Amino acid sequence: MAKGVNKVFLLGNVGKDPEIRATAGGMTIASFTLATADRQKDSTGNWADKTEWHNLVAFQRTAEIVRDYVKKGTQLFIEGKIQTRSWDDKESGQKRYKTEILVNELSLLGKPGGGGEGGGGYSKSSSTAYGGTAPASQPDYADQGITDDDIPF
């Protein structure tokens, strides 16, 4: 059977302060939510934002970075994989499911509150950091008069 690909990239804002816990063996685990937004035109032609919430889990050193630097509103770039867990509910006996993103790499893009200034990042592989500010050499197209109606989708 061919090898599959399970890779997730997310850019969004943290929904609430992360929950940090440790296993009996001393491994640090961070659980938190990330909101991503998508903008679509509705049936009347008006733009509407749709927010999708993602459950994220980070382990060991990445969880420590989350504990020390991530708060509600922090903008993050995440690379990870998707995983669905299942268990039997003790009270009802029903099968329960939870889909989570297991964080492999994490980049801090802004200060809590989504300010966007600052930057820097953390990457487990230490090969890539996604800064929060654009290079000064990029042109600014804000005065070109481009509106949402000019976008074909």
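These legends accompany close-up views of a predicted model.

**View 1. The whole chain, with 1 helix and 6 strands.** Reading from the N terminus, you will meet the elements in the order β-β-β-β-α-β-β. Of the 153 residues in the chain, 28% are buried. Looking at contacts with a separation of 6 or more, 52% join residues 24 or more positions apart. The chain has an accessible surface of about 10600 Å², and carbon and sulfur atoms account for 49% of that area.

**View 2. Helix H1, residues 60-69, and its buried residues.** Take a look at Thr-62, Ala-63, Ile-65 and Val-66, which are buried in this helix. They lie on the same side of H1, because the arc they cover around the axis is only 155°. As for their partners, the buried residues of H1 pack against strands S2, S3, S4 and S6.

**View 3. The largest pocket, with about 250 Å³ of space.** Its lining is made up of 16 residues. If you want to find the centre, look for Ser-31, Leu-56, Val-57, Lys-98 and Glu-100, the lining residues that lie nearest to it. By type, the lining holds 6 nonpolar, 4 polar and 6 charged residues.

**View 4. The strands that help to line the largest pocket.** At least two lining residues come from each of S2 (19-22), S3 (28-41), S4 (47-59), S5 (75-88) and S6 (95-108). Among these strands, S2, S3, S4 and S6 also appear in View 2, where the buried residues of H1 pack against them.

Notes: Residues numbered from 1 in each chain as written. Predicted model: local features only at pLDDT ≥ 70, side-chain atom pairs only at ≥ 80, totals over all residues. Heavy atoms only, no water. 1 Å grid on protein atoms, 1.4 Å probe; cavity = no way out; pocket = protein on both sides within 12 Å on 5 of 7 lines; lining within 4 Å. Points joined across faces, edges and corners; volume = space filled by probe spheres on them. Helix = DSSP H or I, 4+ residues; strand = E, 2+ residues; numbered from the N terminus. Nonpolar A, V, L, I, M, F, W, Y, C, P; charged D, E, K, R; others polar. Buried < 20%, exposed > 50% of the residue type's maximum accessible area, 1.4 Å probe, protein only. Contact = heavy atoms within 4.5 Å. Areas by Shrake-Rupley, 256 points an atom, 1.4 Å probe, with all protein chains shown as cover. Arc of directions from axis to C-beta.
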